[in-house]
Amino acid sequence: METPGSQSSLHRANLERVVRAVRMAGSLTQAEIARTTGLSAATVSNIVRELKDGGTVEVTPTSAGGRRARSVSLSGDAGIVIGVDFGHTHLRIAVGNLAHQVLAEESEPLDVDASSAQGFDRAEELVDRLISASGIAREKVVGVGLGVPGPIDVESGTLGSTSILPGWTGINPREELTSRLGVPVHVDNDANLGALGELVWGSGRGVRDLAYIKVASGVGAGLVISGQIYRGPGGTAGEIGHITLDESGPVCRCGNRGCLETFAAARYVLPLLHSSHGTELTMERVVRLARDGDPGCRRVIADVGRHIGSGVANLCNLLNPTRVVLGGDLAEAGELVLGPIRESVGRYAIPSAARQLSVLPGALGGRAEVLGALALALSEMGDSTLLDGSLSALDGSLSASTPAFT
């Protein structure tokens, strides 16, 4: 038994500190591990050697700043995580390893609003198929990240608004998927996962304060403050779509009038073009037509950008993020939408906050949420599990003979 403050407990804590740093980053050089953990270079070298001997990490030659270095990542066969992304009209699944490599991925159309049972049935089938396709044993699954298109009530674990997913009333997504897959499941809304995906793999890399704005059938924001997703005490932080722009505007599905969502979300925007472009339009097609020069589509997208910019300006004044990342189909419009967003931010935000802000399109496209689900599973898994599984023999023998690391 380890005693708090003993050599063995300190050694164990340092092992977990290194594993955690590598797990969150995907891969790090030993110098980067030392900077991230605050451990000395010699300590990191000893720990990496021990973890490599135990099969927890892999070390490969690389270069950093023109110098030879060693890149450390978790072993490819140490375990796998699964990302599940429920959109209103699709289901996307990804399987990845602990080294941040995507091993298999698949997406299919699905009316998620209609029935939660149908959605979970398909998710279970796709997960089974992709695990088989990855060639990794099912017992290697250490966690699942699950994204749903609505706020999660942190107390009950159910969807916070039945008007968003009426077919999911009373359903606890985490419990439902855990019972089907038999592994820990961690749930968040799609905007938060989009933010997490862009933070780890995309346009948010290297930034500690950002907002990810997703515009689809609704409008939501995932907020990252000091490198962490901010959810608020009730789990509803980031509902930027329900900022009031016009008290006399259209009635929103939330019951209020003139919400940002009623000026930007696809369900409200597409009807503006029905008389001129027909009723079969999608936001993806509107973006494509706008990029090809269609004046009506360009005008609508510019208007949407200005409205989104008003909401972003409010975020700037309140939270002062350094970066805003635009996701969803609308991001493919590029400067046609980003320019008007910046214009509104410049007009309505505090000048110092506006100067510090960069507005970029998402780098991951429609994959942002499912990759964010993988990142969620990676961030929530315990480091002790990895160490217990692969270092049990080494841990016992080294704790008695190895000096305490500092």
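**A note on helix 12 and the nonpolar cores**

1. A good place to begin is helix 12, where Val337, Leu338, Pro340, Ile341, Ser344 and Val345 are buried. Looking down the axis of helix 12, you will find these buried residues within an arc of 165 degrees, so they line one face of the helix. Please keep in mind that this is a predicted model.

2. Turn to the other side of helix 12 and you meet Glu335, Gly346 and Arg347, which are exposed. The helix itself covers residues 335-348, 14 residues in total. From first C-alpha to last, helix 12 reaches 19 Å, close to the 20 Å expected at 1.5 Å a residue.

3. What do the buried residues of helix 12 pack against? Their partners are helix 11 (295-319), strand 12 (323-327), helix 13 (351-356) and strand 13 (358-361).

4. Ile341 also turns up in the largest nonpolar core, which has 43 residues. Together with Ile213, Ile308, Val312 and Leu330, Ile341 touches the most other members of that core. Elements giving two or more residues to this core include strand 9 (210-215), strand 10 (219-225), helix 10 (283-291) and helix 12. Helix 11 gives the most, with nine residues.

5. Ile308 is worth a look on your screen. Leaving aside residues up to four places away in sequence, Ile308 touches Ile213, Val215, Leu260, Ala264, Leu330 and Ile341.

6. Finally, there is a second, separate core of 41 residues. Among its members are Leu39, Val59, Leu98 and Leu199.

Conventions: Residues are numbered from 1 along each chain as its sequence is written. This is a predicted model: local features need pLDDT of at least 70, side-chain atom pairs count only at pLDDT 80 or more; totals for chains, interfaces and linings use all residues. Side-chain values use heavy atoms; hydrogens and water are left out. Helices (H or I, at least four residues) and strands (E, at least two) are DSSP runs, numbered from the N terminus. The expected span of a helix is 1.5 Å times one less than its number of residues. Buried means under 20% relative accessible area, exposed over 50%, partly exposed in between (1.4 Å probe, protein chains only). The arc is that of the directions from the helix axis to the C-beta atoms. Contact means heavy atoms within 4.5 Å. A nonpolar core is a set of buried Ala, Val, Leu, Ile, Met, Phe, Trp, Tyr and Cys residues joined through side-chain atoms within 4.5 Å.
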